[in-house]
Amino acid sequence: MTTTRTAAPAASGSSAASRTAPSRGPFAFNVGPPQKAKHFKQSARRLIARLAPERAGFIGVLALAVSSVMLALPGPWIIGRATNVLFAGYFGAKYTSQAAWTGAIESARTSGHPHMAAMMSRLDVTPGHGIEFSDLRQWLLIALLLYLGASLFTWLQGYVLNYLVQRTVRGLRTEVQAKLSRLPLSYFDRQPHGEILSRVTNDIDNVATGLQQTLSQVLGGLLNVAGVLVMLVVISRLLALIALVTVPISVYVTMLIGKRAQPQFIAQWATTGKLNAHIEEMYTGHS
């Protein structure tokens with residue numbers, strides 16, 4: 001059976017009319033003011049269900065993320081130990097006797113610098129001895145190995161996550177292609193071609209980019225916050241208290257910015273769809 005498109009001129013008119021009135025097709029954009037997503041929870045559930053076959057891979061991604069965070073967390077503490085070696089060597093070379101070193105600590109305490117005196121008293125200073133480069137080399141080597149291991153696990157996490165997301169999106173593209181092949185020809189006569197192309201290309205690319213960035217940032221962010229909070233409690237409870245106060249404030253500010261940015265993001269891609277539709281029709285008309 002041969003399909004003829006005898007209604008092409010009328011379709012062009014109806015396409016132009018569809019840009020002046022709200023479209024009702026499944027691929028139509030809302031031409032009114034930008035609105036929030038109407039079915040966010042349902043869409044999120046469908047997206048999570050689509051990722052379900054890759055659960056084993058995502059468990060591996062979680063394990064890599066935990067390993068990366070666990071290796072990176074002791075880094076600042078180890079760098080601090082290396083810094084202590086430097087300061088201990090500096091003060092040991094400056095004060096050649098135990099009496100001179102004790103007098104320096106008491107002088108700092110009596111001159112109104114109790115924190116400096118407390119810091120100096122905690123240093124393992126050997127009067128008359130300079131920097132122990134063997135100890136310094138050992139601490140720096142440990143820090144280097146930890147950071148290299150954390151970087152390797154982070155790279156593997158990103159690589160595996162991108163692979164899983166792209167494989168899921170490939171299945172989504174296949175289903176979209178099958179859906180377009182089942183649609184009647186009259187549907188394409190009623191819809192601007194550029195608008196359909198924008199849905200098939202730009203929107204699916206946005207899904208892939210959103211999954212890659214969101215999963216990576218949320219997973220890494222949560223693990224880092226938990227790990228850093230534990231380390232802060234171990235090292236300094238005051239720093240932990242400051243973090244407990246500032247982190248919720250930053251989350252609240254981020255939510256406010258996100259609420260203001262979401263309508264602009266929706267408007268951006270709605271405009272992109274209309275622009276693609278206009279370019280496609282004008283180019284086809286010239287041809």
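## A helix pair and three salt bridges

Welcome to this structure. Helix α5 (residues 98–110) and helix α6 (residues 114–122) have axes that come within 7 Å and cross at roughly 155°. Angles over 145 degrees count as roughly antiparallel, so α5 and α6 are roughly antiparallel to each other. Please keep in mind that this is a predicted model. A search of the whole structure also finds three salt bridges, and each of them is introduced below.

**How α5 meets α6**

- The crossing in which α5 passes α6 is left-handed.
- On the α5 side, the contact is made by Trp101, Ala104, Ile105, Ala108 and Arg109.
- On the α6 side, Pro114, Met116, Ala117, Met120 and Ser121 make the contact.
- Sorted by class, the contact of α5 with α6 has eight nonpolar residues, one polar residue and one charged residue.

**A salt bridge within α5**

- Arginine 109, one of the α5 residues in the contact with α6, also joins its side chain to that of glutamate 106 in a salt bridge, at 2.9 Å from N to O.
- These two residues are three apart in helix α5, so about one helical turn separates arginine 109 from glutamate 106.
- How accessible are the partners? Arginine 109 is partly exposed, with a relative accessible area of 40%, and glutamate 106 is partly exposed with a value of 40%.

**A salt bridge between a loop and α7**

- The side chains of glutamate 54 and arginine 167 form a salt bridge with an N to O distance of 2.5 Å.
- Glutamate 54 sits in the loop between α2 (40–51) and α3 (55–72), while arginine 167 belongs to helix α7 (residues 133–182), so this pair ties together parts that are 113 residues apart in sequence.
- Is glutamate 54 buried or exposed? With 12% relative accessibility, glutamate 54 counts as buried, because the cut-off for buried is under 20%.
- Its partner, arginine 167, counts as partly exposed at 32% relative accessibility.

**A salt bridge between α9 and α7**

- Aspartate 205 and arginine 173 meet through their side chains in a salt bridge, 2.4 Å from N to O.
- Which helices does this pair link? Aspartate 205 lies in helix α9 (residues 193–235) and arginine 173 in helix α7, so the salt bridge ties together parts that are 32 residues apart in sequence.
- Aspartate 205 counts as partly exposed at 35% relative accessibility, and arginine 173 counts as partly exposed at 33%.

Notes: Residues are numbered from 1 along each chain as its sequence is written. This is a predicted model: local features need pLDDT of at least 70, side-chain atom pairs count only at pLDDT 80 or more; totals for chains, interfaces and linings use all residues. Side-chain values use heavy atoms; hydrogens and water are left out. Axes are lines fitted to C-alpha atoms, for helices over the stretch in contact, and angles run from 0 to 180 degrees between N-to-C directions. Helices (H or I, at least four residues) and strands (E, at least two) are DSSP runs, numbered from the N terminus. Angles under 35 degrees count as roughly parallel, over 145 as roughly antiparallel, 65 to 115 as roughly perpendicular and the rest as oblique. A crossing is left-handed if the near helix is turned anticlockwise from the far one by less than a right angle, and right-handed if clockwise. Contact means heavy atoms within 4.5 Å. Ala, Val, Leu, Ile, Met, Phe, Trp, Tyr, Cys and Pro count as nonpolar, Asp, Glu, Lys and Arg as charged, and the others, Gly among them, as polar. A salt bridge is a side-chain nitrogen of Lys or Arg within 4 Å of a carboxyl oxygen of Asp or Glu. Buried means under 20% relative accessible area, exposed over 50%, partly exposed in between (1.4 Å probe, protein chains only).
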